[in-house]
Amino acid sequence: MICVTGSEPTVGALASRICALPEAPLHEARLDLVDHVTPEAVSALPERHRLIVTCRTAAEGGQWRGAEPARLALLDAALEAGARYVDVEAAAPDETWQALHSRHGGERLVASGHHYEPIGATPEILAGLQRRVTGRPAATLKVAVRIDDVVDLGGLRRLEPGDDRPLVRIGMGLAGLPGRVRYDVMGSPWTYATAPGTAATAPGQVGWDLVQAFARRKAERLVVLVGGDQVGGSPGPQVYNALAAAEGLPWYYLAAPTADVARALAVLDDFGLRGASVTMPHKAAAAALAAGLDDNAARLGAANTLVPDGVGGWTGYNTDGAGVIGALGPHLEGPSQVAVLGTGGAARAAVAELTRVGHQVLVVGRRPEAAADLARDLGGTPVAWQDLTSLRFDALVNATPLGQDGETSPVEVPLEWRGRVVLDMVIQPRWTPLLRSVRAGGGVPVVGLTMWAHQGAAQWQLITGHGVAPTRLAGLVPPDGDGDGDGDGDGDGDGDGDGDGDGGDDAP
């Protein structure tokens, strides 16, 4: 079942939400968020047979700061009025539990435990929450714990009450999304979703519309974006879930932050995992994990796409180069001279593909030894950063993160842009300072979103078997400010602007 929740400040707004979604099996009434709520108002709430009534204390993530007798009166009124469930913290005073159980029994009581701290899903914390909730006389149990790594979903899923009572398992935060969407895999009797236009009441809650869309399509084939914490800024989830919905495809796409790509994929396998796009810092690990690699991934030692090989393993691909060629190709006539700024992962992918198709590549790096190593490994001519003003080139590729802040540019000196093509791998802002300068100078600017869409289309084809036009993907990306689509410009750690930017690998 899906329980719709919200953060309404008045009883009237809460009642309106309940009545506006009659198709929702359950509604959570968060009384701790309602101003001046009274037992009489609780008793008058509509559709009480579909309500989970909660009055969460501040100690467990709620906003109730009143006296415990007043809270008990609200919960008692809800049960008396016929609420389907009343959710009470297992940490609530014994007197509260004794009063509710003696008057109403335990059949409609939910004993819940919450842990919001950054280190949330350790075995010790999970065991403590389990002991706390199982010790209360409630027919249903609930554990909600912060999860920062999808690997921790495995431990939460294995949590058992020790008897036949149902246990709602909630992983709060971005990494917990697979468990919220596929709550059946978690063994939970219900999940929580926010009402349309309502703010989440816990980290990582997804919207009712999205959960319903997955349910209607019977979406059971999972694709994940595995990477570091920055994956939450990718436009991929919004773009590819919208695409799957429009095509009626049984796929759903979620960001999956992790520190261990191999363990993460093993945990997610039970959620219907059919493929993964891989971003920093895991592309080298993904290539090592794969049983086989395509030529691009093998040449780079990095995979940004993993597809099941049919015998229990993975095949790794790298579509970053396809993104570069797709973005630049229409603007270059025949073999050209292309300057690539940067020496990290995105620069390596660009250099490898540009040289493969016959372009002459200038590898421009602030560290001469890094530029020389890249050119030796993949082709091209190393060039010192300070020599940029004297270079002859037809096109330039910014493969550094400079420009993501909307203020800095990798090119700090005046250049003649007329007749030159410039691709900036930074995805947002779309119009970086570099591209604005190119446009003002009469050059041909190519936004990073174009590359992102080309490499993403190649990934989507590999993973799902369904083709999509890059222009369609680009059109599904929200405007600047509605999701940073940061392209992972984490840099390579040397502080010199040669960061790999990974400007297009965080899709599909």
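## Strands, a helix and some backbone details

In β14, Ser277 has Thr305 as its bridge partner. The model that holds this pair is predicted. Ser277 belongs to strand β12 (residues 273-278), which is joined to strand β14 (residues 305-308) by two bridges, and the two strands run antiparallel.

β14 also pairs with strand β15 (residues 314-317), in the antiparallel sense and over four bridges. Here Val307 stands opposite Thr315 in β15. Together β14 and β15 make a hairpin, with five residues lying between them. Gly310, in the turn, has a positive phi of about 90°.

The loop between β13 (292-293) and α13 (295-300) holds Asp294. Leaving aside residues up to four places away in sequence, Asp294 touches Gly316, Tyr317 and Asn318. Which side chain of opposite charge is nearest to Asp294? It is that of Arg356, 9.3 Å away. Asp294 is buried and yet has no salt bridge.

**The open sheet**

Strands of a sheet pair through backbone hydrogen bonds, in either a parallel or an antiparallel way. In this model, nine strands form an open sheet with parallel pairing, in the order β7-β6-β5-β4-β3-β2-β1-β8-β9. Its edge strands, β7 (167-172) and β9 (206-207), each pair on one side only.

Within this order, strand β3 (residues 51-54) and strand β4 (residues 85-89) run parallel and are joined by three bridges. One residue of this pairing is Val53, whose bridge partner in β4 is Val86. Helix α4 (residues 94-104) lies across β4 and β5 (109-115), and runs at about 155° to β5.

**Helix α10**

Helix α10 covers residues 236-247, twelve residues in all. At 1.5 Å a residue, such a helix should span 16 Å, and this agrees with its end C-alpha atoms, which are 16 Å apart. Which residues of α10 are buried? They are Gly236, Pro237, Val239, Tyr240, Asn241, Leu243 and Ala244. These buried residues pack against three helices and a strand, namely α9 (208-216), α18 (448-464), α19 (470-476) and β11 (251-257). After α10 comes Gly248, with a positive phi near 65°.

**Cis peptide bonds**

Two peptide bonds that lead into a proline are listed below with their omega values.

| Peptide bond | Form | Omega |
|---|---|---|
| Met280 to Pro281 | cis | about 10° |
| Gln428 to Pro429 | cis | near 0° |

Pro281 lies in the loop between β12 and α12 (283-289), and β12 is the strand that bridges to β14. Pro429 is found in the loop between β20 (421-424) and α17 (433-440).

**Positive phi outside glycine**

His36 is a residue other than glycine with a positive phi, near 55°. Its place is the loop between β2 (26-30) and α2 (39-43). Is His36 buried or exposed? His36 has 80% relative accessibility and therefore counts as exposed, since the cut-off for exposed is over 50%.

Glu47 is not a glycine either, and its phi is positive at about 50°. Glu47 sits in the loop between α2 and β3. With a relative accessible area of 33%, Glu47 is partly exposed.

Terms used. Residues are numbered from 1 along each chain as its sequence is written. This is a predicted model: local features need pLDDT of at least 70, side-chain atom pairs count only at pLDDT 80 or more; totals for chains, interfaces and linings use all residues. Side-chain values use heavy atoms; hydrogens and water are left out. The expected span of a helix is 1.5 Å times one less than its number of residues. Buried means under 20% relative accessible area, exposed over 50%, partly exposed in between (1.4 Å probe, protein chains only). Contact means heavy atoms within 4.5 Å. Two strands pair if DSSP finds at least two bridges between them. Axes are lines fitted to C-alpha atoms, for helices over the stretch in contact, and angles run from 0 to 180 degrees between N-to-C directions. Lys and Arg count as positive and Asp and Glu as negative; His and the chain ends are not counted. A salt bridge is a side-chain nitrogen of Lys or Arg within 4 Å of a carboxyl oxygen of Asp or Glu.
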